[in-house]
Amino acid sequence: MARRLDEVSRTFSEYLLVPRLTGKNHLPKNVSLKTPVAKFGRGQSSPFSLNIPFVSASMQSVSGTEMAIGLSRLGGLAFVYCSQAVELQASMVQKVKTHKAGFVPSDSNIRPDTTLAEAIALRKSTGHSTMPVTHDGSRNGLLLGILTDKDYWEYEDDLRRPVADFMTPKENVVFGAVGLTLHEANRLLRKHKKECLPILEEDGRLQSLVFKKDYIDHMNNPDELLDGQKRLAVGAGVNTHDYRERVPALLDAGADVLCFDSSDGFTEFQKEAALWIRKRYDHSVVLGGGNVVDGDAFRYLVEEAQLDFVKVGIGGGSICITREQKGIGRGQASALMAVVAERDKYYAETGTYIPVCSDGGLANDTQIIIALAMGADFVMMGRYFAMTNESPTPRIAISGRMYKPYWGEGSNRARNWQRYHAEEESEAANKFEEGVDAYVPVLGPLRDVMAVTVAKLKSTMCNMGSLTIREFTENAVLTRISEQSFVEGGTSNVFTFDKNLPREA
């Protein structure tokens with residue numbers, strides 16, 4: 001007969017935190033939200049960490065290029081969705097890596113005989129107003145000069161003339177040599193009051209560009225998540241079907257972290273794909289997987305599949321109906337606590353710490369906080385990010401309010417064949433969905449939405465006498481609440497203007 005777990009499947013909304021002693025040093029400004037993503041040994045540090053414990057789900061309606069750029073600049077990470085052609089996903093990853101960097105490869109290059117009209121057309125298509133002029137129009141050609149939008153008047157100058165007549169020639173261009181540091185490059189920009197600094201090889205060939213605006217961006221985003229080359233970090237989803245083609249393309253494009261996108265990761269398919277990646281790239285690739293809801297599945301993915309981190313959660317997402325359709329899953333709080341307990345047991349046995357990501361079941365900021373208190377190293381969210389301006393779906397006005405389409409990767413709209421085995425792709429198998437097609441309200445810019453969540457998290461951590469995510473988990477004291485306790489936690493015996501009092505016509 002079936003084995004039965006007697007415990008009730010719990011959700012985050014059933015718990016509250018009991019405050020601990022707040023010391024004088026427990027101030028939000030002193031709190032660090034840095035958290036590990038890749039596994040590490042006792043006494044060591046993780047080879048890859050986040051500056052804030054938030055990642056966006058690998059979903060078509062969530063993690064596009066703009067989201068990846070915006071979230072990385074705030075210190076988190078987006079997983080660009082894999083339910084698209086390999087070339088398209090790799091292109092999105094590459095756009096993130098080249099959006100902002102210390103030393104940027106030039107992708108808007110022209111020849112000296114290029115007409116001004118052609119140069120303007122290139123500027124409008126790429127959005128880049130600074131264009132190096134090289135002898136052959138390539139990104140690594142001999143630098144002959146620089147053309148910017150300050151060198152011409154689009155509606156006054158003769159657009160048929162060559163850019164050689166308008167550009168600043170090389171002899172008047174301030175440039176740096178390959179080998180100088182980013183700090184030295186920025187110092188040259190400041191000294192000569194320039195917006196762009198070309199970096200040249202010894203033979204005069206263009207190697208890269210350094211921009212003043214990137215320095216300013218960095219100063220305005222002190223928590224931004226960067227790789228070793230000062231480029232924005234980005235994650236990418238992968239599947240267990242075309243990983244042999246997709247993984248190399250994503251890594252060549254610069255992806256920093258890969259994660260299997262699957263509703264149920266306790267499978268031999270995920271193990272086989274993970275071991276292929278390990279055999280080809282060893283442990284140089286940060287690789288996550290899941291999803292799981294118990295300790296057995298966690299152990300399998302860690303010991304058999306050699307993953308760096310494990311995602312927890314089946315059926316808890318706002319648009320996920322796996323539990324309803326197939327009867328599998330577990331309350332997110334119970335699932336997370338079970339996996340965290342196994343994670344801690346594994347750490348005690350082996351000395352290797354495996355970060356855990358709580359994915360789904362987060363309806364508000366309070367539940368995000370509870371998930372981290374329960375032991376999640378970071379959380380993955382879909383709906384939360386889908387409601388921001390940076391999500392890739394268009395705005396739609398419904399009854400005077402702005403919304404955005406939001407759908408699950410298990411829905412027919414996603415057409416995500418990569419989640420299912422080929423033998424299951426029959427007419428019968430496609431008659432049910434594991435995700436719904438819906439709309440979410442637009443809340444505004446990602447920066448503004450995340451600022452509120454981060455402020456709440458830091459304030460709560462101070463209430464718990466904690467300055468780090470690890471301290472927060474260790475100090476946390478959780479209490480179960482009754483239905484009446486939940487009601488008591490809201491407003492009572494007062495009128496609120498948005499709910500109780502009649503509005504004037």
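**View 1. The open sheet of strands 7, 8 and 9 in the predicted model.** In this predicted model, three strands make up an open sheet with antiparallel pairing, and their order is 7-8-9. Strand 7 and strand 9 (168-169) are the edge strands, each of them pairing on one side only. Strand 7 and strand 8 run antiparallel and are joined by four bridges, and within this pairing M131 stands opposite L147 in strand 8, while T134 stands opposite L143 in strand 8. In a regular strand, side chains alternate between the two faces of the sheet. In strand 7, M131 and V133 point one way and P132 and T134 point the other way, and all are buried.

**View 2. Helix 3 and what covers its buried residues.** Helix 3 spans residues 116-126, and its buried residues are L116, A119, I120 and R123. Seen down the axis of helix 3, these buried residues fall within an arc of 100°, so they line one face of the helix. An α-helix has 3.6 residues a turn, so residues three or four places apart point the same way. The cover over the buried residues of helix 3 includes strand 7 (131-134) and strand 8 (143-147). Just after helix 3 comes G127, which takes a positive phi of about 80°.

**View 3. The mixed sheet of strands 10, 11 and 12, with helix 4.** A further set of three strands forms an open sheet in the order 10-11-12, and here the pairing is mixed. Its edge strands are strand 10 (176-177) and strand 12 (206-211), each of which pairs on one side only. Strand 11 (residues 196-200) runs antiparallel to strand 12 and is joined to it by five bridges, and I199 stands opposite S208 in strand 12. Helix 4 (residues 182-192) lies across strand 10, strand 11 and strand 12, and it runs at about 65° to strand 12.

**View 4. The largest pocket and its lining.** The largest pocket holds about 1,200 Å³ of space. The elements that give two or more residues to its lining are helix 2 (86-99), strand 11, strand 12 and helix 5 (212-220). Among these elements, helix 2 gives the most to the lining of the largest pocket, with six residues. The lining is made up of 43 residues, of which T130, C196, L209, F211 and K213 lie nearest the centre of the pocket.

**View 5. K311 and the residues it touches.** K311 has its place in strand 16 (residues 309-312). The relative accessible area of K311 is 4%, so this residue is buried, the cut-off for that term being under 20%. Leaving aside residues up to four places away in sequence, K311 touches C259, F260, G289, G290, N291, V292, C357, D359 and M380.

**View 6. The hairpin of strands 20 and 21.** Strand 20 (residues 396-398) and strand 21 (residues 401-407) pair in the antiparallel sense over three bridges, and in this pairing I398 stands opposite R401 in strand 21. Strand 20 and strand 21 form a hairpin that has two residues between them, and S399 in the turn has a positive phi of about 55°.

Technical notes
Residues are numbered from 1 along each chain as its sequence is written. This is a predicted model: local features need pLDDT of at least 70, side-chain atom pairs count only at pLDDT 80 or more; totals for chains, interfaces and linings use all residues. Side-chain values use heavy atoms; hydrogens and water are left out. Buried means under 20% relative accessible area, exposed over 50%, partly exposed in between (1.4 Å probe, protein chains only). The arc is that of the directions from the helix axis to the C-beta atoms. Contact means heavy atoms within 4.5 Å. Two strands pair if DSSP finds at least two bridges between them. Axes are lines fitted to C-alpha atoms, for helices over the stretch in contact, and angles run from 0 to 180 degrees between N-to-C directions. On a 1 Å grid over the protein atoms alone, a cavity is a set of points where a 1.4 Å probe fits but cannot get out, and a pocket is an open set with protein on both sides within 12 Å along at least five of seven lines; lining residues have an atom within 4 Å of a point. Grid points are joined across faces, edges and corners, and a volume is the space filled by probe spheres set on the points.
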